[in-house]
Amino acid sequence: TEYSKLKQDKQKNYTEKDIANNLNKLIVETLFTQNFPIDLVHNRISEIHFQYATFIVDNQPNSTKNMKQIQVLINDNPIICDCLLLEFILYLENKLDPRVNQLLKVDPGDNTCASPNNLKNVSLRNVQPHQLLCPLDHPQSQEKAICPKNCTCNMRFYDRSLIIDCSTSHPSLPMLLPSIQNLTLNNTELYLNNNKILDISNVISNKEALNQIKKMYLNNNSI
């Protein structure tokens, strides 16, 4: 399983050079085996993976009270601010298990988002969890789903939502919405504003999808 693999990885004897050469990703399990400051400033790290931070803390062989805090510097890296960054942003907000912050001090410095465009140049310290999205066809999605034509679909893991934006796109009606059950999501937000919709009853073809819609935006239509 993924968890058993993490246990095996945790036993590896990583060196400072190993981590410094991890140019594309910073993975939390590589940090807990270190007892020295780690300087990753001016690197090419684009992804920060903190998904299993709490799991790793739970599986430390010794009490975390007596463990030395690990210092990590990551300033000046081209961080992609998408759904994969969620746990790290929660870490910066002290919303993960307190023991993670006790054991790890990852200082983003004045690092800003390199992408996507709506978050470009925003300080990592100012990014909000609900802003972190991944497209429906992102590798993080374990199931394949099709976004309605002329629309954009994103996953927001913070509240397990599927965001379907068909605003100003004049989508073909009726639309077939992706099933969130296959995506391990909880609800859907549907944006249909600025179209020429006359009758909402003809918008969605798979009526069971109506039950998964939490919010629907219909302003500037002709209903």
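**Salt bridges and a small parallel sheet**

1. Let's start with a pair worth finding in the viewer: R125 and D107 form a salt bridge, and their closest N and O atoms are 2.8 Å apart. R125 sits in the loop between β7 (113–115) and β8 (134–135), while D107 belongs to strand β6 (residues 104–107), so this contact ties together parts that are 18 residues apart in sequence. Please keep in mind that the model is predicted.

2. How exposed is D107? Its relative accessible area is 28%, so D107 is partly exposed. That goes along with the way β6 presents its residues: K105 and D107 make up the uncovered face of the strand, whereas L104 and V106 make up the covered one.

3. Staying with β6, which strand does it pair with? Strand β4 (residues 70–73) is joined to β6 by four bridges, and the two run parallel. If you would like a landmark for this pairing, look at V72, which stands opposite V106 in β6. V106, as noted above, is on the covered face of β6.

4. On its other pairing, β4 is joined to β2 by two bridges, again with the strands running parallel. Here the landmark is D39, which stands opposite L73 in β4.

5. Put together, these strands give an open sheet of three, in the order β2-β4-β6, with parallel pairing. The edges are β2 (38–39) and β6; each has a single partner strand, so one side of each is left without a neighbour in the sheet. As background, strands of a sheet pair through backbone hydrogen bonds, either parallel or antiparallel.

6. Back to the charged side chains: how many salt bridges are there? The count comes to six. One of them links K95 and E93, with an N to O distance of 3.1 Å. K95 counts as exposed because its relative accessibility is 52%, and the cut-off for exposed is over 50%. E93, with a relative accessible area of 26%, is partly exposed.

7. Another salt bridge is formed by the side chains of D159 and R156, at 2.8 Å from N to O. Is R156 buried or exposed? R156 counts as buried, because its relative accessibility of 11% falls under the 20% limit. Its partner D159 is partly exposed, at 27%.

8. Finally, do take a look at D58, D97 and R99: salt bridges that share partners join these residues into one network.

Key
Residues are numbered from 1 along each chain as its sequence is written. This is a predicted model: local features need pLDDT of at least 70, side-chain atom pairs count only at pLDDT 80 or more; totals for chains, interfaces and linings use all residues. Side-chain values use heavy atoms; hydrogens and water are left out. A salt bridge is a side-chain nitrogen of Lys or Arg within 4 Å of a carboxyl oxygen of Asp or Glu. Buried means under 20% relative accessible area, exposed over 50%, partly exposed in between (1.4 Å probe, protein chains only). Two strands pair if DSSP finds at least two bridges between them.
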